[in-house]
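Colleague: Got a minute to walk me through this one? I'm new to reading models.

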Amino acid sequence: MTLAKPFLSDNAAAVHPKLWAAMQAADQPDNPYDGDRLSAELDARFTALFGRECAALWVATGTAANCLALATMCAPHGGVVCHREAHIEVDEGGAPGFFLHGAKLMLVDDGFGVEGAKLTPEGIAALIDPIRNDVHQVQPHAIAITQASEYGRAYSPAELAALGAFAKERRLGLHMDGARFANAAAFLGGSAQEAARAASGPVDSLAFGFIKNGGMGAEAVVLFDPEATQQVRYRRKRAGHLQCKGRYLAAQIIAMLEDDLWLANAAHANAAAQEVAAGCADRLLHPVEANELFVRLTAPEREALRAQDFAFYDWGAESARFVTAWNTRPEDAAALGKAIAAL
Ligand SMILES: Cc1ncc(COP(=O)(O)O)c(C=O)c1O
């Protein structure tokens, strides 16, 4: 089925032509697994982007990227603090429990001055401070945040710095699910380096998403701790994620980094979201900072939009989610904004 005016998910968006070209160019003999010329470039490219030493390993899904990174910072008897609506809690089919050998997810709700599935040091402290330091209680080992959050909210550099300081003080690992990292970076602004550094702050690991942003099947696990990198190399193989033709994944990621395509694609998606938001007025359930809109709409209103060929998911009984992408047509975004305003 093709979607006439697609706002279902950025996962449904097409692959960017530059990535097809890059995969075609990589289609010649090279060393298998991650021994190829392109995979070997990744660490240096991400180190240049983030301005601090790091390693970048490709995997085929965001779920694997999150869970492989988290497994390096949380023992099976420990816990990962995350928002109650975090992707790792709600949408990864129990993968954290699988990859982390039964470790617990410790859930935080909105509050302490933020909403939209964002965490604060205060909110985390409220959850973990009452935990007794004895073997009967699961101890937190790590924090996982999502940039942009599950409701399309971006963490600011100041918010990230506060979370980083808290994690350091409490000796907790800090992981970022960046399935929409590019959209948050584009929102924060600046050059690619400035935006990437602002959006990542002091995290220990980042699941840098490319697939939603014009990629096909490659995400990068970015690790700022060499010991974690070694672990992930072994864990990736054990988990069945060390693809033998890794050059095609590396080619996608490098094509995204080339000429800052990742940031341009995200900026396009964010601009389309703003175009839709312009028609939503007080129907918006969350400020629009990235490429997702959560809009209060009754069932008949949603039906009326679908009758005009707009494709999107319901979000509970009284709202809907619209997601823009790197290839959203500006005229479709404008038409959706107008159609919502006309309801
Ligand atoms: C917030 C978030 N994290 C991670 C992912 C990665 O999921 P997948 O394992 O389907 O690539 C997604 C995709 O929908 C997401 O929205």
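**A chat about helix 11 and its surroundings**

Modeller: Sure. Eleven of the eleven residues of helix 11 (residues 247–257) are buried, so this helix is largely enclosed by the rest of the structure. Buried means 20 or more other C-beta atoms, placed from the backbone, within 10 Å of a residue's own. Helices (H or I, at least four residues) and strands (E, at least two) are DSSP runs, numbered from the N terminus.

Colleague: Anything to know about the model itself?

Modeller: It's predicted: local features need pLDDT of at least 70, side-chain atom pairs count only at pLDDT 80 or more, and totals for chains, interfaces and linings use all residues. Residues are numbered from 1 along each chain as its sequence is written.

Colleague: OK, what covers the buried residues of helix 11?

Modeller: The cover includes helix 1 (17–25), helix 2 (42–50), strand 2 (55–59), strand 8 (219–223) and helix 12 (261–277).

Colleague: And what follows helix 11?

Modeller: Asp259, with a positive phi near 55 degrees.

Colleague: Switching to helix 12: at what angle do helix 12 and helix 14 pack?

Modeller: About 25 degrees, with the axes of helix 12 and helix 14 (residues 330–341) 7 Å apart. Helix 12 and helix 14 are therefore roughly parallel (angles under 35 degrees count as that).

Colleague: Which residues make the contact?

Modeller: Ala272, Glu275 and Val276 from helix 12 meet Pro330, Ala333, Ala334, Leu336 and Gly337 from helix 14. Contact here means C-beta atoms, placed from the backbone, within 7 Å.

Colleague: Last one: how far apart are the C-alpha centres of domain 1 and domain 2?

Modeller: They lie 26 Å apart.

Technical notes:
Buried ≥ 20, exposed ≤ 12 C-beta atoms within 10 Å, placed from the backbone. Contact = placed C-beta atoms within 7 Å. Axes fitted to C-alpha atoms, helices over the stretch in contact; angles between N-to-C directions. Parallel < 35°, antiparallel > 145°, perpendicular 65-115°, else oblique. Domains from an automatic or database assignment.
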